[in-house]
Amino acid sequence: MSNGRLANFESYNNAIKQPAVNKQVGIKKLVIKGFKERPRLPDNYQDDTWNKLKDAVDAIHRQRSVSSSLEELYQGVDSLCTHNMSSQLYDKLRSQCETYILSCTDRFLYHSTDTEQFLKVINSTWQSHCNQMILIRSIFLVLDRNYVLQNSHIASIWDMGLDLFRLHILTPSSIQKRLLDGILLLIARERKQEAIDRGLIKNLLRMLTDLQIYGKVFERHFLNATDELYKLEGHKLSSELEVPQYLAHVNQRIIEEHERLHHYLDMSTKKELILIVECNLIERHVKAILAKGLGSLMADNRHPDLTLMYSLFEKVKDGKMELAMAFGKYVKAAGTELVNNPSADLEKDRNLVQSLLDFKDKIDYIVMDDFRNDELFVNKRKDAFEEFINKRQSKPAELIAKYVDTKLKTGNKELTEDELERTLDKIMVLFRFIQGKDVFEAFYKKDLAKRLLLGKSASVDAEKSMLSKLKQECGAGFTNKLEGMFKDIDISKDIMVSFKQYMESRESPGGMDMTVSVLMLSYWPSYPTMAIHLLPEMEQYQDMFKRFYLSKHSGRKLHWQPSLGHCLLKAYFPKGLKEIHVSLYQTLVLMLFNTGAEQSYESIRQATNIEDLELKRTLQSLACGKARVLHKVPKGKEINTTDSFVFADDFKHKLYRIKINQIQMRETKEEQDATTERVFTDRVCQVDAAIVRIMKMRKTLQHTQLIQELFEQLKFPVKAQDLKKRIESLIERDYMERDNDNTNIYIYKA
């Protein structure tokens, strides 16, 4: 089996090898030799071929069928070019095309139809010419590729066609003018909102572009006409239309011009065209538009119109700057109107901070949304607020502190915690603008003291959040005393826990309970001392607490401050038992009626030793307020020294616990003036300290340099004249002296 397979394999192998061994393959060479003589064209071949080409060109121009085949014509051109007849052929072709184009000029020179029809004829002739030149070039392609490429000064067949059309059709002034007038007329109609054939205009302008005469023949005239149109339109409409309508019109005009650029104008025209529109409709009228309408747009919250105004004004030179300046002036004027109060309207002052917050929200929205949070407008807003909010030196700072007080004390249920936090953040923005931060600190500290001591603080978290914001804004030095007040309250709670334990083994005087807040004098506002006559039980309780406290803190002194003391009394009225929450002064007055149902003003004054002003306020709150636990004789709202007071045995109230000590939370005008006066006194000390500090470091300094450094160091507003007075005061007190040779130079005296 295997032998058979081997034999077959060998037989196949031999069959393959046999032809290679027995046959030889010969190699043949192909030899190419040149003509001994140059081939010659038949006689009259040039003339016959040109006649065929001429007839073909003429047929193409006249839009008839060509008698010869295109292949035959192409080969004829190739043969003529091969035999060095390219120059003659090119000249004859140019002459033939020129003859035809010249024959077409009559239809334009003597065309009497309307303008649009004339333009259509121009367009039709141009389109036909382009199609004809494409077909002619395909026949003479060899000529275009060889002869023209080898001679750079010779125009291609296509360019030659363009040159002839430009020279004989569009160079004549009559045709050129009519073409230009016709195009401008159609564009003017479109600008009047009439419908036109945009495709026709597009083809004609592309024709001018292809012929490289777009700028010369059309663009300059078009731009001049556009400039004249919008110059007149801007002058007329800016005075006739209201600002919103005028802005909308300008925006529509710009959109329309962009559409023209998209549909038929060459893009090289874009920059100058849009510049003309913006210059004539916006730039020339920026100040007039702003004077006429910016204030009303902002006052009426016309946000879409303000957005459009910004987008238009930023396109023109100095437009955004003018808008920003006008914006700043508006904010200053509107803010000044809010802050100023020449008639001393208490209601206006009471609502001032809320009005400022609302105004700030309004301006913020305009800057953020309408003016895209542009840094220029952000800075103008900041400058404007800083200027107008300090028109009244200390009042805004005082009112901001009062506003914070209303938000942080109990009874303010209109805000959630998140809303309160956002409100405090907004208040801090106003706080940054005020220069008299020391005034804010004084009033804020006084109100905080009342909230803490009278238990009127709505939220400890909110109080500490506000404190944190102040610390972040002004530094730890600003809030050091405020933080000390919170610390005193916490320590006082611990002291009272110990005192309660101390009293467990002792009998309480009069069966009453007493809570004491121990305060560091340096942290808290100063209060006028008043030597009032306390109840014997109260005095006994005070002595017990004093012994307890000094036993644990030897060397310290306690000064009792009754003005912020408050009590919870049980009062037995014929119509029911009530608990009344009253101040310590009110308590002393009411307790007198346990010994007699009627008391005169003079007897009350002698028994309590309360000063007249405070006593009148106290009696007024008890006898003339909403909850009248006393009757005044005679009746009236004002308290006189001749009045008498009777226990109100007919008193009734729907509540069991009644608060009558609201008088403690209110601040009199005298107290406000005293707080402001203390701030100014502190400022005098700060100015003196700053002058001495600077002079001690510099030793010798010129007057202007000293004033400049004081302005940089002092954190509150001050006039140069006031600084000069303090300098004179320090000279009189021998802290410094003037130079003998130059009185404008000061010398520090150690």
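This is a short talk on helix packing, salt bridges and a few single residues in one protein model.

Okay, hi everyone. Before anything else, please keep in mind that we're looking at a predicted model.

Let's start with helices. Find helix α20, which covers residues 395-408, and then helix α22, at residues 437-453. Their axes come within 8 Å and cross at roughly 25°. Angles under 35 degrees count as roughly parallel, so that's what we call α20 and α22. As for handedness, the α20 and α22 crossing is right-handed.

Now a second pair: helix α21, residues 417-433, and helix α23, residues 460-474. Here the axes are 11 Å apart, and the packing angle is about 30°. So α21 and α23 are roughly parallel to each other too. And yes, the crossing of α21 and α23 is right-handed.

Stay with α21 and α23 for a moment, since a salt bridge runs from one to the other. Which residue does E473 pair with? The partner is R432, and the closest N and O atoms are 2.7 Å apart. E473 sits in helix α23 and R432 in helix α21, 41 residues apart, so this pair links distant parts of the chain. How covered are these two? E473 has 30% relative accessibility, so it counts as partly exposed. R432 has a relative accessible area of 42%, which makes R432 partly exposed as well.

Helix α23 has another link, this time to helix α24, residues 476-503. E483 forms a salt bridge with K471, with 3.3 Å between the closest N and O atoms. E483 is in α24 and K471 is in α23, so the pair ties together parts that are 12 residues apart in sequence. On accessibility, E483 comes in at 29% and counts as partly exposed. K471, with a relative accessible area of 36%, is partly exposed.

How many salt bridges does a search of the whole structure find? The search finds 46. Let me pick out one more of them. R198 pairs with E190, the closest N and O atoms being 2.5 Å apart. Is E190 buried or exposed? Buried means under 20% relative accessible area, and E190 has 9%, so E190 is buried. R198, on the other hand, is partly exposed at 26%. And these two have company: a network of salt bridges links E190, R191, R198, E233, R253, E256, E257, E259 and R260.

Let's move away from charges. On the surface, Y572, L577 and Y656 make a nonpolar patch of about 340 Å². Zoom in on L577, and you'll see that it belongs to strand β2, residues 576-583. With a relative accessible area of 33%, L577 is partly exposed.

For contrast, here's another leucine: L706, in helix α30, residues 703-713. The relative accessible area of L706 is 0%, so L706 is buried. If you'd like a feel for distances, try L706 and D358. They are 348 residues apart in sequence, and their C-alpha atoms are 41 Å apart in space.

So, if you want one thing to try on the screen, go back to α21 and α23, look along the roughly parallel pair, and find the salt bridge between E473 and R432. That's me done, thanks!

Definitions and conventions. Residues numbered from 1 in each chain as written. Predicted model: local features only at pLDDT ≥ 70, side-chain atom pairs only at ≥ 80, totals over all residues. Heavy atoms only, no water. Patch = residues over 30% accessible without salt bridge, like charges linked within 9 Å, V, L, I, M, F, W, Y side chains within 5 Å. Areas by Shrake-Rupley, 256 points an atom, 1.4 Å probe, with all protein chains shown as cover. Salt bridge = Lys/Arg side-chain N within 4 Å of Asp/Glu carboxyl O. Helix = DSSP H or I, 4+ residues; strand = E, 2+ residues; numbered from the N terminus. Buried < 20%, exposed > 50% of the residue type's maximum accessible area, 1.4 Å probe, protein only. Axes fitted to C-alpha atoms, helices over the stretch in contact; angles between N-to-C directions. Parallel < 35°, antiparallel > 145°, perpendicular 65-115°, else oblique. Left-handed = near helix turned anticlockwise from the far one by under 90°.
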